[in-house]
Amino acid sequence: MRMEPTDSPLVAIVDDDELFRRSVERLVRSAGFRVAAFGSAEDFLERGNLDRTACAILDMKLPGMNGFDLQRRLITSSRPMPIVFVSAHEDAVMQANALGAGAIAFLKKPFDDSTLLDALDRSIR
């Protein structure tokens, strides 16, 4: 079991694609962040430590509550956080809505690792 520094920022990854989620989890950990991964928005809201989450990486198309709905829910909660959206679907309206509501970035899958890490750096550090 890999131990993570308890003082490093916590990044939540919310994506229903398990292989993608694990891949991003490894990447984010390799950059020195703590990671919590979730397969749905509902799972993140129920089990995620919202008060300690520094940033969320959200898939736009999730089963149940989608990423944009989750973003709106977090904005109206007592703990809004920076969001980096990822999506396999290129939709200019969806991207504009997410960024207009305050998302740090909207990345189309597949994306370059450094692009995601740069977005995390802008949102956290």
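This text follows strand E4 and its surroundings through a predicted model.

Strand E4 is a suitable place to begin, since 5 of the 5 residues of E4 are buried, so the strand is largely enclosed by the rest of the structure. The covering applies to both faces, with Ile 83, Phe 85 and Ser 87 buried on one side, and Val 84 and Val 86 buried on the other.

Two strands pair with E4. Strand E3 (residues 53–59) runs parallel to E4, the two being joined over 4 bridges, and within this pairing Val 84 of E4 is the bridge partner of Ile 57. Strand E5 is likewise parallel to E4 and joined to it by 4 bridges, with Ala 105 in E5 standing opposite Val 84. Helices make the connections: E3, helix H3 (residues 67–76) and E4 form a right-handed β-α-β unit, and E4, helix H4 (residues 92–100) and E5 form a right-handed β-α-β unit as well.

Among the 3 aromatic pairs of the structure is that of Phe 85 and Phe 106, whose ring centres lie 6.1 Å apart with the planes at 40 degrees, so the pair counts as tilted. This pair links distant parts of the chain, as Phe 85 in E4 and Phe 106 in strand E5 (residues 105–108) are 21 residues apart, and both Phe 85 and Phe 106 are buried.

Helix H5 (residues 113–124) contains Ser 123, which has 14% relative accessibility and therefore counts as buried. A polar atom of the Ser 123 side chain lies 2.9 Å from the backbone oxygen of Leu 120, while beyond its neighbours within four places in sequence, Ser 123 is in contact with Cys 55, Pro 82 and Ile 104.

Terms used. Residues are numbered from 1 along each chain as its sequence is written. This is a predicted model: local features need pLDDT of at least 70, side-chain atom pairs count only at pLDDT 80 or more; totals for chains, interfaces and linings use all residues. Side-chain values use heavy atoms; hydrogens and water are left out. Buried means under 20% relative accessible area, exposed over 50%, partly exposed in between (1.4 Å probe, protein chains only). A polar contact is a pair of N or O atoms within 3.5 Å; within protein, one must be able to donate a hydrogen and the other to accept it, and residues adjacent in sequence count only if both atoms are side-chain atoms. Contact means heavy atoms within 4.5 Å. Rings of Phe, Tyr and Trp (its six-membered ring) pair if their centres lie within 6.5 Å; planes under 30 degrees apart count as stacked, over 60 as edge-to-face and the rest as tilted. Two strands pair if DSSP finds at least two bridges between them. A crossover is right-handed if, with the strands pointing away from the viewer, the path from the first strand over the helix to the second runs clockwise.
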